Amino acid sequence: KKAGIDVVTLNVFNWALLQRDETTYDFSLLDETVDRVSENGMKICMATSTAALPAWMAKKYPDVLRTDFEGRKRNFGYRHNACPNSPTFRKYSPLLAKKLAERYKDRKNIVAWHISNEYGGFCYCENCLKAFRVWLKNKYKTLDNLNYEWNSAFWSHTFYDWDEIVFPNALSENFENEAQTVFQGAALDYKRFNSDSIMQNYIDEYDAVRSVIPDVPITTNFMPFFNDLDYHKWAKHMDMVSWDNYPERDIEPAKIAYRHDTFRGMKSGKSFMLMEQTPSWVNWMEVNGSKKPGVMRLWSYQAVAHGADTVMFFQLRMSRGSNEKFHGAVIDHSGRDDTRVFKECSELGAELKKLGSATLGGRTPARAALIFDWNTRWALEASAGPSKRLDYVEELYKYYKAFYELDIPLDIIPMDEDLSGYDLVVAPMLYMMKDGIENSLEAFVKRGGKLILTYMSGYTDENDLIIMGGYPGPLKSIAGVWVEEKDILREDEHNSFEYKGVKYTADIVCDIMHPEGAEVISTYDESFYAGTPVITKNKFGEGACYYVGTSGSTEFINELVCDVAREAGIKNCLGEEPDSAKASATLEMTRRNSDEGDFLFVLNHGDETDFEITCDGDDLLSTDSFKKGDRVKMDKVGVRIIKLQK
């Protein structure tokens, strides 16, 4: 209460305490906790405890244990330790969820249900192999179709019986790691299958809770850019998205915002839950630094600024032993309420109570979008070539960061999102062409939209088969270019080009291309392809497509995004035309519009500064009011939430 905490997550890892054998359940300890929390007027987010199975189950039913990438059957231990296709696990995990729902269904202060916890991992056991073959049969129907889509004639991989198909793991198709493989079709499908299998575990429990409690919101917590699972597909089965924010030490603030906006975009811009963050430090990084004074508050409001409707912590009280005994908490081992961390949590709690419901449900008024796709990421990582330096998440981050520094609201969206609400779409490394994306982009540009494409776009279909006829495949007509070949650069190699009279570097990949209707904006300076296009613009219908044939610097991308945003008529958070000269990596601005008003969030990740406000407004976190044209002071790690006047 003193910390201002009003929602408590309970029961995340309690399975062994709740169930001692197949038929014996004991909820007495949990009942005591639920009673105590309820009597103190707090709300509950109730978890189902299934993220770590009990030892008795592993001993009696070894089918629940996972087999790892190297083919080794695991012993009991760790967490996320259950095979997703184990008949035993699929029997007992939803059964526990249902029993919990039945026991606590009448507790009106349980405001959400939290299925399992931070799902992830892989299993390569016989049950998973059998299920994988069934999954493939359902997808391809016949072996002829599978052989075609996997291009299995290569290296004599043609299959004549479903039982001939094995896992793409360290014993068969993979290189030295789990990402790269010599058999991309199989590896990509196994990623999809594994994600679907674990998602079915979630759905099993979701349905079990929902069968008892028809209207309570249900979720599970995601992790930033987690590679094991297709979160876009998962989000369709969640009532609200939630995720756990544990930034690395000395991280760029834009990278945290990038993660927040990715989760906000998973349900068409709806608000999300910040399920976990540490009040102070974590215990699992190489260097577990403390959050300096004010940083926890700043990062909490950054989450709210980008769409969070909750600010929640892990954990309430530091553990006495085991793996998380040195993980930060609201209450540390001293048990005192006069620590710096506890005081900061209390101050934040009081502020959030004062803020109330003002921003809840608020939407970000974005007219620009960035396309992110898990399957594209998997396919690029699995491919042998063209460069191990390719990093899908980091390349998209460079474009995201440009919008962040220009204070332009941006949605991060899946490939199948409706584009009708946007004026500018950026699709870096759109390597995989899912069904319908070509038509969606064509319609978007024809009606007047501005599109930015880059190298490694339009290469394959959904099964990683090259689309013949030249790059960028079905995007050639939109881009107005044909890419003949590529120059792949080492880390110590660079080409260069000029944009608006300034020279910039070209790195990693250099597309060597020919314009087929596109206007050449810039050309390479060096190598055998000097003088050939590196940046082009193609008018297409009422709109235009920009094509960037290389991995450019952040300085160049800032300039390009600024220019295209201005051309698209997009304003920044202050309602002004974006200006690259005013771009800031430390003074962050976002907007959220709710039923209670239009809110400008300003967060200062750098030294003391100020800015000119372009509209009258009142700061909800202080008594300050501003008139159009005023200079608004921003303290170091300062936060303003300014309700703008109409």
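This is a short chat about strands, a helix and two buried side chains in a predicted model.

Visitor: Let's start with the sheet that has S1 in it. What is the strand order?
Guide: The order is S1-S2-S3-S4. It is an open sheet of four strands, and the pairing is parallel.

Visitor: Which strands sit at the edges?
Guide: Strand S1 (7-10) and strand S4 (218-219). Each of them pairs on one side only.

Visitor: And how many bridges link S2 and S3?
Guide: Four. S2 covers residues 43-47 and S3 covers residues 110-114. As a landmark, look for Cys45, which stands opposite Ala112 in S3.

Visitor: Moving on to S9. Which way do its side chains point?
Guide: Ala368 and Leu370 point one way, and Ala369 and Ile371 point the other way. In a regular strand, side chains alternate between the two faces of the sheet.

Visitor: Are those four buried or exposed?
Guide: All are buried.

Visitor: What does S9 pair with?
Guide: S9 has strand S10 (residues 410-413) as a partner, running parallel and joined by four bridges. S9 also pairs with strand S11 (residues 424-427), again in the parallel sense, over three bridges.

Visitor: Which residues face each other there?
Guide: Ile371 is opposite Ile413 in S10. Leu370 is opposite Val426 in S11.

Visitor: Now S7 and S8. What lies between them in the β-α-β unit?
Guide: Helix H10, residues 295-305. The unit S7, H10, S8 is right-handed. Strand S7 (residues 272-276) and strand S8 (residues 308-311) run parallel, with two bridges joining them. Phe272 has Ala308 as its bridge partner in S8.

Visitor: New topic: Asn221. Where is it?
Guide: Asn221 is in strand S5, residues 221-222.

Visitor: Why do you call Asn221 buried?
Guide: Because its relative accessible area is 1%, and buried means under 20%.

Visitor: What does the Asn221 side chain make polar contacts with?
Guide: One polar contact, of 2.7 Å, is with the side chain of Asp244. Another, of 3.4 Å, is with the side chain of Glu276.

Visitor: Which other residues does Asn221 touch?
Guide: Leaving out residues up to four places away in sequence, Asn221 also touches His114, Asn117, Glu118, Tyr119, Ser242 and Met275.

Visitor: How about Ser195? Where is it, and is it buried or exposed?
Guide: Ser195 is in helix H7, residues 184-212. It is buried, because its relative accessible area is 1% and the cut-off for buried is under 20%.

Visitor: What polar contact does its side chain make?
Guide: The side chains of Ser195 and Trp234 are joined by a polar contact of 3.3 Å. Beyond four places in sequence, Ser195 touches Asp228, Leu229, Asp230, Trp234 and Trp378.

Visitor: Last one: H13. How many residues does it have, and how far does it reach?
Guide: Helix H13 (residues 392-405) has 14 residues. From first C-alpha to last it reaches 20 Å, close to the 20 Å expected.

Visitor: Where is the kink in H13 centred?
Guide: On Lys398. The kink is about 25°.

Visitor: How many H13 residues are buried?
Guide: 13 of its 14, so the helix is mostly covered.

Visitor: And what goes on at the two ends?
Guide: Asp391 caps the N-terminal end, with a side-chain oxygen 3.2 Å from the backbone nitrogen of Val393. Just after H13, Asp407 takes a positive phi of about 60°.

Note on methods
Residues numbered from 1 in each chain as written. Predicted model: local features only at pLDDT ≥ 70, side-chain atom pairs only at ≥ 80, totals over all residues. Heavy atoms only, no water. Buried < 20%, exposed > 50% of the residue type's maximum accessible area, 1.4 Å probe, protein only. Pairing = 2+ DSSP bridges. Polar contact = N/O pair within 3.5 Å; in protein donor to acceptor, adjacent residues only side chain to side chain. Contact = heavy atoms within 4.5 Å. Expected span 1.5 Å × (residues − 1). Bend = angle between axes of the 7 residues up to and from the residue. Right-handed = clockwise from strand over helix to strand, strands pointing away.
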